[in-house]
Amino acid sequence: MDNKHPHIPYHALSFPEAEMLQRATDFYEMMNKRRTVRSFSSKPVPKALLEKIILTASSAPSGAHKQPWSFCLITNPEIKAKIREAAEKEEYINYHGRMSDKWLEDLEPIGTDWNKDFLTEAPCLIVVFKKAYDLVDGKKEKNYYVNESVGLAAGFLLTAIHQAGLVSVTHTPSPMNFLQNVLNRPENERAFLLIPVGYPAEDVTVPDFERKGLDKVLVRYD
Ligand code: IYR
């Protein structure tokens, strides 16, 4: 490779092979405990914890290392109320005609409706924005694989939230453009996901779901 930018040695994590399987198993068991939670305690979450979680999300790979994302961290109750009002307005329309009967039927086991208490109950909301392009001194600069990059960062974010002992719900009010206005984001940013984060409400329950086994998701080519 002809490197115009300086390169530095990289030392990947390295473990004895027996330890690798144990680590992978422990990590799987930890991750498999993650559930989407839609009911939150009002207990506040330390800001430093949320900042570290967002820093982890921002360590995700991205097209040409452009990191085409920003994370809005909302703890202000008035802004949360505004977001809830606007999201519920859209969701009401979704649940009363914009979503197909089949879609509503598929959501029945989860038990969602247009009411989004969690948007004001959760102590904080993280809105992930994708940067369709960068604005550098008012000039447009291209970003690449923006959806893939921001999807990866969102995965890192949910992992970091769970690993720290917090819970979240991946909320996708649709359409979401109201978030750009409420949060006063620049024209190059588009809302990607809205993620309430906090501690679970006492006695919270989740749907009794099972995850697909390896036999359903793994296709081998030995
Ligand atoms: N955005 C709506 C509907 C919804 C859609 C899917 I796909 C879900 O997995 C869950 C909900 C809502 O948040 O209620």
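This briefing describes the overall build of a protein chain, the surroundings of its ligand, the pairing of its strands and some backbone details. The model is a predicted one, and the protein chain in it has eight helices and six strands. The ligand sits in the largest pocket, where the protein buries 71% of the area that the ligand would expose if taken alone.

**Overall build**

- Read from the N terminus on, the elements of the protein chain follow one another as α-α-β-α-α-α-β-β-β-α-β-α-β-α, an order that accounts for the eight helices and six strands.
- Taken along the principal axes, the C-alpha atoms of the protein chain fill a box of roughly 55 × 50 × 40 Å.

**The ligand and its shell**

- The ligand is surrounded by Arg38, Glu91, Tyr95, Met99, Trp103, Leu107, Thr112, Asp113, Lys116, His171 and Thr172, and by class this shell has four nonpolar, three polar and four charged residues.
- Two side chains of the shell place polar atoms by the ligand: one such atom of glutamate 91 lies 3.0 Å from a ligand nitrogen atom, and one of lysine 116 lies 2.5 Å from a ligand oxygen atom.
- With threonine 172 the backbone is involved, as an N or O atom of its main chain lies 3.3 Å from a nitrogen atom of the ligand.
- Taken alone, the ligand exposes 380 Å², and 71% of that is buried by the protein.
- The ligand sits in the largest pocket, and the elements that give two or more residues to the shell around it are α3, which spans residues 77-98, and α4, which spans residues 101-107.

**Strands and sheet**

- Four strands form an open sheet in the order β1-β2-β6-β5, and their pairing is antiparallel.
- Strands β1 (69-74) and β5 (167-168) stand at the edges of this sheet, and because each has a single partner strand, one side of each is left without a neighbour in the sheet.
- The partner of β1 is β2, which covers residues 124-131, and six bridges join these two antiparallel strands; within the pair, isoleucine 74 stands opposite leucine 125 of β2.
- In a regular strand, side chains alternate between the two faces of the sheet.
- Strand β3, made of residues 133-136, pairs over four bridges with strand β4, made of residues 139-142, and here too the sense is antiparallel.
- Valine 136 has lysine 139 in β4 as its bridge partner, and the hairpin of β3 and β4 has two residues between the strands, with aspartate 137 taking a positive phi near 50°.

**Backbone details in loops**

- Serine 174 and proline 175 are joined by a cis peptide bond, with omega about -5°, and proline 175 belongs to the loop between β5 and α7, the latter being residues 178-182.
- Alanine 64 is not a glycine, yet it has a positive phi of about 50°; this alanine is found in the loop between α2, which covers residues 47-57, and β1.

Definitions and conventions. Residues numbered from 1 in each chain as written. Predicted model: local features only at pLDDT ≥ 70, side-chain atom pairs only at ≥ 80, totals over all residues. Heavy atoms only, no water. Near = heavy atom within 4 Å. Polar contact = N/O pair within 3.5 Å; in protein donor to acceptor, adjacent residues only side chain to side chain. Areas by Shrake-Rupley, 256 points an atom, 1.4 Å probe, with all protein chains shown as cover. 1 Å grid on protein atoms, 1.4 Å probe; cavity = no way out; pocket = protein on both sides within 12 Å on 5 of 7 lines; lining within 4 Å. Sits in = over half its atoms within 2 Å of the grid points. Nonpolar A, V, L, I, M, F, W, Y, C, P; charged D, E, K, R; others polar. Pairing = 2+ DSSP bridges.
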